[in-house]
Amino acid sequence: MGNTFCLFCGCVAQSNVAIVERWGRFYKLAEPGFHFFNPFNGEFLAGLLSTRLSSLDVRIETKTKDNVFVQLVCSIQYRVVKENADDAFYELQNPEEQIQAYVFDVVRALVPRMNLDEVFEQKSDVAKSVLEELEKVMGAYGYSIEHILMVDIVPDASVRLAMNEINAAQRMQLASVYKGEAEKVLLVKKAEAEAEAKYLGGVGVARQRQAITDGLRENILNFSHKVEGTSAKEVMDLIMITQYFDTIKDLGSSSKNTTVFIPHGPGHVRDISEQIRNGLMEASCAQANIE
């Protein structure tokens, strides 16, 4: 049920307060409920005020310390103090314009002393300053300022574009650093893998050559023991000739070979065997000197 009135009585709805005058002068406040008026005594209802919480959005355009124009949207939540409703009714003609004027004054005095980044970082301080000023001023007129929120800060469109480009450039720089670190790790791991592969390959070749040497030694010893009258040199020459012909056979049977010119004849085989023998003897002498 809303507010209903007639000449002699009236009903004030919840969350409202009525202003009652007598002979044109403030007489009393009528709280929610049913009330009688005596028109013969000059009593009548002058007006109604809502005690509900109201919200007012104020858009302020100002300039920051670094010469950037910015718009701030400030949301003021206020209500009429029930006990001082007569002051709110009689003192102010338009309370919303009064609130807007003080918000403009405080914000335009405070924001020009800040850079744009500081405005974003300290918007709660701006709201607090506006709240303190409005509480001090509007309290004398019967209004209570409940909350003030800086709901939006809107720089100029070109400034927003520049800020986005700076942010994008910083993120690209950071991505390049991470990409470089990843490539560095990849190259290091690849080099370590290649070094390990070469090391293992060298170990394999060394073991292969050791196995060949051990096999040749065993063959020479077995042949010398089984065939009497043969020396180690003769057995070595026989093995080298056999290996030589096996190599010639493998070269000839390969389907992907290229043309290879090698000297062929008994004399050349003897030269090869002498070179290998000399090499083995030099290696044995070097090992003995080290020991």
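Here is a short chat about side-chain contacts in this predicted model.

Author: Quick ground rules: local features need pLDDT of at least 70 and side-chain atom pairs pLDDT 80 or more, while totals for chains, interfaces and linings use all residues. Residues are numbered from 1 along each chain as its sequence is written, and side-chain values use heavy atoms, leaving out hydrogens and water.

Reader: Why is the aromatic pair of Phe-26 and Tyr-90 called edge-to-face?

Author: Rings of Phe, Tyr and Trp (its six-membered ring) pair if their centres lie within 6.5 Å, with planes under 30 degrees apart stacked, over 60 edge-to-face and the rest tilted. Phe-26 and Tyr-90 are 6.0 Å centre to centre with 75 degrees between the planes, so they pair edge-to-face.

Reader: What makes Phe-26 count as partly exposed?

Author: Buried means under 20% relative accessible area, exposed over 50%, and partly exposed in between (1.4 Å probe, protein chains only). Phe-26 has 32%, so it's partly exposed.

Reader: How do you know that Glu-146 and Arg-79 meet in a salt bridge?

Author: That takes a side-chain nitrogen of Lys or Arg within 4 Å of a carboxyl oxygen of Asp or Glu. Here N to O is 3.5 Å, so the pair makes the cut.

Reader: And what makes Arg-22 sit over the ring of Tyr-27?

Author: The rule wants NZ of Lys or CZ of Arg within 6 Å of the ring centre and within 35 degrees of the ring normal. The charged end of Arg-22 is 4.1 Å from the centre of the Tyr-27 ring, and it does sit over that ring.
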